[in-house]
Amino acid sequence: MRTLVTILCAMRPEADPIIGALGLEPHEPAWDPHLPMRCWRHPSQPVSLVINGADRRTGVDLIGTTPATLATHAIVQHMRPATILVAGAAGGHSGRTAIGRVHLVDRAFHHDRRIPLPGFEAYGMGPEPMHGTPDLASAFGVGIATISTGNSLDTLPGEMDFFERHGVTLKDMETASIAWTAAHSGTKVVALRSVTDFFDQPTPEHQFLANFDTAVTNLAASVARGLPALLDSCGSHARA
Ligand code: SAH
């Protein structure tokens, strides 16, 4: 069965509650088995799930923009879904969101691509457009927010200014790269992110560990709630 929606998670523990909630089963990936990404599939619906996999050298989950780009390219090339549904944790702005709250993303900046050369500034910072409509937000039962992607868990003072300037509520390590990669094939990217920590408060790493279970439980509930509407929208798109 052709996949209409591929859910993409960076970390295995982000994926586990979703795999459980949807009843997904492990599946042989369509790509070179030496690549780290792993795959699950729904037994009867056109839904699959991919995780970035584990690092060969250290064994940890492959978070960050490089593995996200690789996974997105493989998904687009070998699974050809209508939509990639990004599902994961995120840092949040303490004044604009709450721990465990899930958001649908409307656009994704890159906050650590500072390139003050003519023309390159706009390329560096984005934002990448995302598919985040009010209809989808209500189907998932969440609000809409703007995200920014970089490769660090902590936040530099200049990055905090960037977030204020661009009204950024969420911060992660994958979304903008996934959107950029998928745009080459016209694959729609929908992103749901659940807040594990406040990026404007100290020690996001401690907050992340303490709040992770709550955040990914809420994330899986939102995915399960909105997926039928997302499949409907892909189905009518595919038939059109
Ligand atoms: N595995 C580490 C931390 C994971 S990094 C640990 O166990 O401590 C966090 C993951 O969640 C990334 O994939 C990123 O997309 C997202 N994330 C959560 N909080 C974040 C923050 N404050 N800044 C950037 N990314 C964050």
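**Figure 1. D197 meets the ligand.** In this predicted model, a side-chain N or O atom of D197 sits 2.7 Å from a nitrogen atom of the ligand. The protein covers 85% of the 560 Å² of accessible area that the ligand has on its own; accessible areas here come from the Shrake-Rupley method with a 1.4 Å probe, and for residues, only the protein chains shown count as cover. In total, 17 residues surround the ligand, with G91, K171, M173, E174 and D197 the closest (to be near the ligand, a residue needs a heavy atom within 4 Å of it). E174 puts a polar side-chain atom 2.6 Å from a ligand oxygen atom, and for R193 the distance from a polar side-chain atom to an oxygen atom of the ligand is 3.5 Å. Some bookkeeping: residues are numbered from 1 along each chain as its sequence is written, and side-chain values use heavy atoms, with hydrogens and water left out. Local features need pLDDT of at least 70 and side-chain atom pairs count only at pLDDT 80 or more, while totals for chains, interfaces and linings use all residues.

**Figure 2. D197 and its protein neighbours.** D197 belongs to strand β10, residues 188–198 (helices, H or I with at least four residues, and strands, E with at least two, are DSSP runs numbered from the N terminus). Which side chain of opposite charge is nearest to D197? That is K171, 6.4 Å away, and D197 is buried yet has no salt bridge. For charges, Lys and Arg count as positive and Asp and Glu as negative, with His and the chain ends not counted; a salt bridge is a side-chain nitrogen of Lys or Arg within 4 Å of a carboxyl oxygen of Asp or Glu. Buried means under 20% relative accessible area, exposed means over 50%, and partly exposed is in between (1.4 Å probe, protein chains only). The D197 side chain does make a polar contact with the side chain of T196, at 2.7 Å. A polar contact is a pair of N or O atoms within 3.5 Å; within protein, one must be able to donate a hydrogen and the other to accept it, and residues adjacent in sequence count only if both atoms are side-chain atoms. Leaving out residues up to four places away in sequence, D197 touches A90, G91, G92, I99, P204, Q207 and F208 (contact means heavy atoms within 4.5 Å).

**Figure 3. A buried salt bridge between β9 and β10.** D172 and R193 pair up through their side chains, N to O at 2.9 Å. D172 lies in strand β9 (residues 170–172) and R193 in strand β10, so this pair ties together parts 21 residues apart in sequence. Both D172 and R193 are buried. The linking doesn't stop at the pair: D172, E174 and R193 form a network of salt bridges.

**Figure 4. Two salt bridges with partly exposed partners.** The structure holds five salt bridges, and here are two of them. R96 and E164 have their closest N and O atoms 3.0 Å apart in one salt bridge. Since R96 is in the loop between β5 and β6 (102–110) and E164 in helix α5 (residues 157–165), the pair ties together parts that are 68 residues apart in sequence. R96 is partly exposed at 31% relative accessibility, as is E164 at 44%. In the other salt bridge, the side chains of D16 and R12 meet at 2.8 Å, N to O. These two are four residues apart in helix α1 (residues 12–22), so about one helical turn separates them. D16 has a relative accessible area of 36% and R12 has 37%, making D16 partly exposed and R12 partly exposed too.

**Figure 5. Backbone oddities in the loops.** Most residues other than glycine have a negative phi, and most peptide bonds are trans. R80, though, has a positive phi near 45°; R80 sits in the loop between α2 (65–78) and β5 (83–92) and is exposed at 55% relative accessibility. T203 isn't a glycine either, and its phi is positive at about 45°. T203 is in the loop between β10 and α7 (204–239), partly exposed at 35%. Which two residues are joined by a cis peptide bond? G126 and P127, with omega at about 5°. P127 lies in the loop between α3 (120–125) and β7 (128–129).
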